[in-house]
Amino acid sequence: MTEEPGAIAHDPSATLSVRDLKVTFPSEAGAVAAVRGVNFDVHPGEVVGIVGESGSGKSTVALAVMGLLQNSARVTGSAHFKGDELLGLEDKALSRIRGRSVAMVFQDPLSAFTPVYTIGAQISEAIRIHQDVTKDQANARAIELLDLVGIPQAKDRIRSFPHEFSGGMRQRAMIAMAIANDPDLIIADEPTTALDVTVQAQILDVLETARQATKAALLLITHDLGVVAGTCDRVAVMYGGRIVETSEVYSVFKQPQMPYTIGLLGAVPRLDSGVGEPLVPIEGAPPNMVNLPDACPFVERCPIAIDVCREREPGLDETLTSTTENVHQVACHRSNEIVDGRIDGQPVFALPVLGAIEHTTIARADREVVIDVKDLIRQYPVRKGAVLSRRVGTVYAVDGVSFDVRTGEALALVGESGCGKTSTVTEILELRKLKGGSVTIFGKNAAELSKDEKQEVRRNLQVVFQDPQASLDPRLPVGDILAEPLKTHGMPKEEQRARVLELLSLVGLEATHADRYPAEFSGGQRQRIAIARALALNPQLIILDEPVSALDVSIQAGVLNLLTELRARLGLAYIFVAHDLSVVRQTADRVAVMYLGRIIEIGDTDDVFNRPWHPYTQALLSAVPIPDPVRERERHRILLTGDQPSPTVHYEGCRFRSRCFRYQALPEDQTQDCRTLDPSLTDPTGHDLGHEGTHGAACFHIEERDVV
Amino acid sequence: MSRWRLVWRRFQRNKSAIFGLVVIAVLFVAAFFGQFITQWSYDQIDANAFLKPPSTSHWFGTSQIGQDVFAQTMRGLQKSLIIGFLVGVISTGLAAIVGATAGYFGGAIERSNLFVISLLLVLPDFLIIAIVSPRIRGQSWLWLVVLISLFAWMLTAMVVYNLTLSLKQREFVTAARFMGVRPFTVITRHILPNMASFLIIDTTLTVGGAILLESGLSYFGFGVQPPDISLGTLIAGGTGSALTYVWLFAFAGSILTILVLAVSLVGDGLRDAIDPQSEAKASL
């Protein structure tokens, strides 16, 4: 590897020292410069975070260092691991280092294990490749490791196959495998992205345990600023294939000096902010990494860009506040003018002004009920056998869910994966005969609609799905996609075009976009198109199924603001399904927390977030990281034990009992109710919560607790 | 559409596919316009030339009764091409309808469609056509197209059925359903267009197969009947003298081989160009 003139020398004391790393991929459109000159050091025992949105090149950096990129990628620069060059090493030589001195934890633990071997066999294989031990010794060590990462009954579970483990347990096993050979460096690439928040909290905890057990340095690659705030010593923010800001974690969060970092911090929905506070979106989309001009990659989205930003790409230079102990580097021409996120006394990103919601003046009880769901049940059969399939059990996906939504109201259904939130809304959308319970929509029973009535309900009930890429037909131009609901519900052809253009401007797109195809848009724009389609027929109720979880933070903020604004302007009602509690905080009026097919707590957003009653809600809220290192490190996290139990069994008593910290702390004589009775939604005095009541939890021992 | 521009660019990179495309184009032009560049027509008899080898007057020579072999071959090629492409379009269309309705509606429609598919799959197509064809003797050759199509669509339909099952789960189909769009509109607007690439490739490959099947049938006298001519009947007529009067047999035979080869090359090229799995071969 040749070093360019002017390149900074490697830091000899660092565990990993990367200098001028560049990665280029071939593509039909031309060479994609995924990583464009990245320098960083990871010192022994240190936790370094690389944050960035999709396409920023953060994962490519890790894969390049490990030599795991596809062959067509061109990698230049240099990466020293304890003084030895890694780049350009033969695969054989690299394999000796990988797994032994440098371990990697991947995002998807299912594909990281071979499905045909047991977890134990794979861990002991990893040990025996690098260490000269017998099979029995390796096996004993594997049990020891699984025990360390918190897998119960490790002795028995070692014989399990990967598919028998839940996602969280697989990630634990992955970490056990990573630390099997006592590595000096662990590279974790989005280790918790595929997991639920309570499991994420457990895994971050395990990662910390593992790090302390091995004294290894950790390179954590993530998109989640909250995770960074809680775990990292130093952080590097990546954008457009380069590091644009790097420093010790407290200064990046407190004194960000790159507009992108400032924008990102403003765009993250936070658990500790007030209801209805607008987020700060970063307009535009990340740059196309083909043929980048010599300009700041952020210039098109930067509110404070000046001429020089378009003429020359800024280098990563030390700021005025940088000291020898705490080097703070920023790639921005104007970084030294920025103090406390402000420039000339004005915030870099101005807070958007959103319309106020009119309905808030009318009492909830006086507003019309849009949808009333009572004791909804949804079950799936579990079948066995391929030829003669027979029913061997039932998944109780939705097990008695009741709620109502009134005009102009946004109800959020939150919960971890498998809690039945999506099943609840699809059951509503199907408008069919129910297994149990009733859905009254716009005053009519959904199960007894005639064909015409059904079409009428469909007109007023629209849906926006999670992944805008999947929910828009790739073969239709945007104009046709938006015209589809109009055509279906009989709008004359002449009027369709005008309405399409109106819808485009409503969601902040341009008229010329009507003739383009979905593939030509960014994720955020596609979600705007999906929202426009849902609005086409002026519906009363829109069901939003995880509408922003597939989007990057900076884009997510714009979509969330749009949703809030549309609701205010058009008087819509929303059912907002989400797994991310912080997203809900800004958007919803009311929150229903689901666990194992049942709502376990419901109430106004402020009540549920500030005064959670149910122990599960408390654990869930405490597990959501807050993107502020000072606050985040002061918080007490309630760690739940184990995973969500199987929904194929009907549990006697409280369904949360098996993981409940309050139940475990109760004296024996007070647990009778928890074990035998199924709790209904009540307030702390035990009064049943009718539809008039605003806040209720399904717990016999309601106890308020501040967890945010 | 930018996607198809991309496909076209990738297709162009495939030299043999481009070669196939050029060959098909040349054969098409020759089949339909060949009669205008020679003075002989396929049913004309040159009383001065019986069984003459290729010459400047008769490019492919003449037959036992003085017919111009070039004119006849072009006429036969024309028929074979029409039959091949008609079968390709009809059978793929049939497969699309049967497969997509089975996959989308499920229930009784699914069971009955799949039953028909399985039934037709186990019947020996060549034999059945051979048995049925005497009954349609004297009627239009279009019946032959119908017969061949009837036995060429089942495998395609199975693939369409499975593709539909997975497309049905896609959110844009669900979105359309929840919007109140009618089922047949969903199929024609969202499901079939999204397997267009497969249908196009399949049509191309079926064309090759249909031309071969037609030639085989005609060779044994079950296919195209006189006075119509196809490559199959020409080859049948020429076999007897394949070693003595080579031109009677060789031209029709080689054109058939080249045609089917070219169609297959184009089909393979299309598949490679459309298939997203194929690794990016662009160089830096």
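Here is a chat between a visitor and a guide about a predicted two-chain model.

Visitor: What sort of model is this, and how are its residues and chains labelled?
Guide: It is a predicted model, where local features need pLDDT of at least 70, side-chain atom pairs count only at pLDDT 80 or more, and totals for chains, interfaces and linings use all residues. Residues are numbered from 1 along each chain as its sequence is written, while chains are lettered from A and ligands numbered from 1 in the order in which they are written.

Visitor: How many helices does chain B have?
Guide: Helices (H or I, at least four residues) and strands (E, at least two) are DSSP runs, numbered from the N terminus. Read from the N terminus, every element of chain B is an α, giving α-α-α-α-α-α-α-α-α-α-α-α. With zero strands, the helix count of chain B is twelve.

Visitor: What percentage of chain B is buried?
Guide: Buried means 20 or more other C-beta atoms within 10 Å of the residue's own, exposed means 12 or fewer, and partly exposed is in between, with C-beta atoms placed from the backbone. The C-alpha atoms of chain B fill a box of roughly 75 × 55 × 30 Å along the principal axes. Of its 284 residues, the buried part is 42%.

Visitor: At what angle do α10(B) and α11(B) pack?
Guide: Axes are lines fitted to C-alpha atoms, for helices over the stretch in contact, and angles run from 0 to 180 degrees between N-to-C directions. α10(B) covers residues 196–219 and α11(B) residues 231–239, with their axes 7 Å apart and an angle of about 40°. Under 35 degrees counts as roughly parallel, over 145 as roughly antiparallel, 65 to 115 as roughly perpendicular and the rest as oblique. That makes this pair oblique, at about 40°.

Visitor: Which classes of residue make the contact of α11(B) with α12(B)?
Guide: The axes of α11(B) and α12(B) (residues 246–274) come within 8 Å and cross at roughly 145°. Contact means C-beta atoms, placed from the backbone, within 7 Å, and B:Leu234 of α11(B) and B:Phe249 of α12(B) are among the residues involved. Ala, Val, Leu, Ile, Met, Phe, Trp, Tyr, Cys and Pro count as nonpolar, Asp, Glu, Lys and Arg as charged, and the others, Gly among them, as polar. By class, that contact has no charged residues, four polar and eight nonpolar.

Visitor: Why is α7(A) said to be largely enclosed by the rest of the structure?
Guide: Its end C-alpha atoms are 16 Å apart, which agrees with the 16 Å expected for residues 167–178 (1.5 Å times one less than the number of residues). The buried ones include A:Met169, A:Arg170 and A:Ile175. The helix is largely enclosed because, of its twelve residues, the number buried is eleven.

Visitor: Is A:Val457 buried or partly exposed?
Guide: A:Val457 lies in helix α14 of chain A and touches A:Leu431, A:Ile441, A:Phe442 and A:Leu449, leaving aside residues up to four places away in sequence. With 19 other C-beta atoms within 10 Å, A:Val457 is partly exposed.

Visitor: Which helix gives the largest share of the side of chain A that touches chain B?
Guide: The contact takes 23 residues from chain A and 19 from chain B. On chain A, α14, α15 and α16 each supply at least two residues. The largest share, three residues, comes from α16(A).

Technical notes
Contact = placed C-beta atoms within 7 Å.
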